[in-house]
Amino acid sequence: MRIDVLTVFPEMVEHAASQSIVGRARRSGALDVRAWDLRDFTADRHRTTDDSPYGGGVGMVMKVEPIDAALRAIGATDDGGTRDAHVVLMSPQGQKLDQELVRVLASYGRIVLICGRYEGVDERVREHLVDREVSIGDYVLTGGELPALVLMDAVSRLVPGVLGKGESADDESFSEGLLEYPHYTRPEEYRGWRAPDVLLSGHHAEVATWRRRESLRRTLERRPDLLPGARLTAKDRADLKELGANEKLLDSLGEPSE
Ligand code: ADE
């Protein structure tokens, strides 16, 4: 998969995307990440990417021309305006990122992430140049670079070949619509804090049953809002009832899946 990032801070993106699993995936060829400096697509002597707002007011607005020129230059849009990539504007006004949207974005062969800065971005970028706007949450950051890195990280781990065999993407939080079960590793006991005996027992079936129940317990305690959208078996429902789920919640669950 290819991910292009348009930014006025390419070093920030380049540095973060050269570390850890994303960095490894780039070196192996599973991911092609390119950070582009929007200043390289300006036509004036000062390499201006922002200007004061029409109508007055404080702050600066990112200009439309460098973004349009960059999209064409990197082959994301042709001269007729036809897009060859899925173009995303990072913005606090966008659709909130969740695992479902991550899956949708991971299904494209190429995405372009535009990082806004300053007070805002010229509205014509939204109107004519992007396919969607994405927010990483209801808080305002100083720019779209960190949100772009968050999105890239989440999308990358779903791209085939990015995670190793021991790092499976599907056994984890949200894949079944449930929170993850608790994890433990050596030592068996530390300062009197013991790991659960069942995990040391070597009984694979019992371990699996315990983990499923703990996932259900956690989700019920912390994120009951996730349960109506989760894939639950008849046994899961019975467990939830035993764990204290109320009737209203039990009634809101979909048909059991086996
Ligand atoms: N730019 C500034 N804040 C943001 C947010 N929460 N999500 C995406 N882009 C942003």
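Visitor: Which element gives the largest share of the shell around the ligand?

Guide: In this predicted model, the largest share comes from β5, with three residues. The shell includes M90, S91 and P92, and β5 spans residues 86-96. Along with β5, β8 (132-135) gives two or more residues to the shell.

Visitor: What makes the approach of I136 to the ligand a polar contact?

Guide: A polar contact requires a pair of N or O atoms within 3.5 Å. A backbone N or O atom of I136 lies 3.0 Å from a nitrogen atom of the ligand, so the pair meets the cut-off. L141 also has a backbone N or O atom 3.0 Å from a ligand nitrogen. For G137, a polar backbone atom is 3.2 Å from a nitrogen atom of the ligand.

Visitor: How much of the accessible area of the ligand does the protein cover?

Guide: On its own the ligand has 260 Å² of accessible area, and the protein covers 96% of that area.

Visitor: Why is G143 counted among the polar residues of the shell?

Guide: G143 is one of the residues surrounding the ligand, and it counts as polar because Gly is placed in that class. In total the shell has eight nonpolar, four polar and no charged residues.

Visitor: Why is α4 called roughly perpendicular to α6?

Guide: The axes of α4 (residues 99-106) and α6 (residues 145-156) come within 9 Å and cross at roughly 75°. Angles of 65 to 115 degrees count as roughly perpendicular, and therefore α4 is roughly perpendicular to α6.

Visitor: Which residues meet where α4 and α6 are in contact?

Guide: V102, L105 and A106 of α4 meet L151, A154 and V155 of α6. By class, this contact has six nonpolar, no polar and no charged residues.

Terms used: Residues numbered from 1 in each chain as written. Predicted model: local features only at pLDDT ≥ 70, side-chain atom pairs only at ≥ 80, totals over all residues. Heavy atoms only, no water. Near = heavy atom within 4 Å. Polar contact = N/O pair within 3.5 Å; in protein donor to acceptor, adjacent residues only side chain to side chain. Areas by Shrake-Rupley, 256 points an atom, 1.4 Å probe, with all protein chains shown as cover. Helix = DSSP H or I, 4+ residues; strand = E, 2+ residues; numbered from the N terminus. Axes fitted to C-alpha atoms, helices over the stretch in contact; angles between N-to-C directions. Parallel < 35°, antiparallel > 145°, perpendicular 65-115°, else oblique. Contact = heavy atoms within 4.5 Å.
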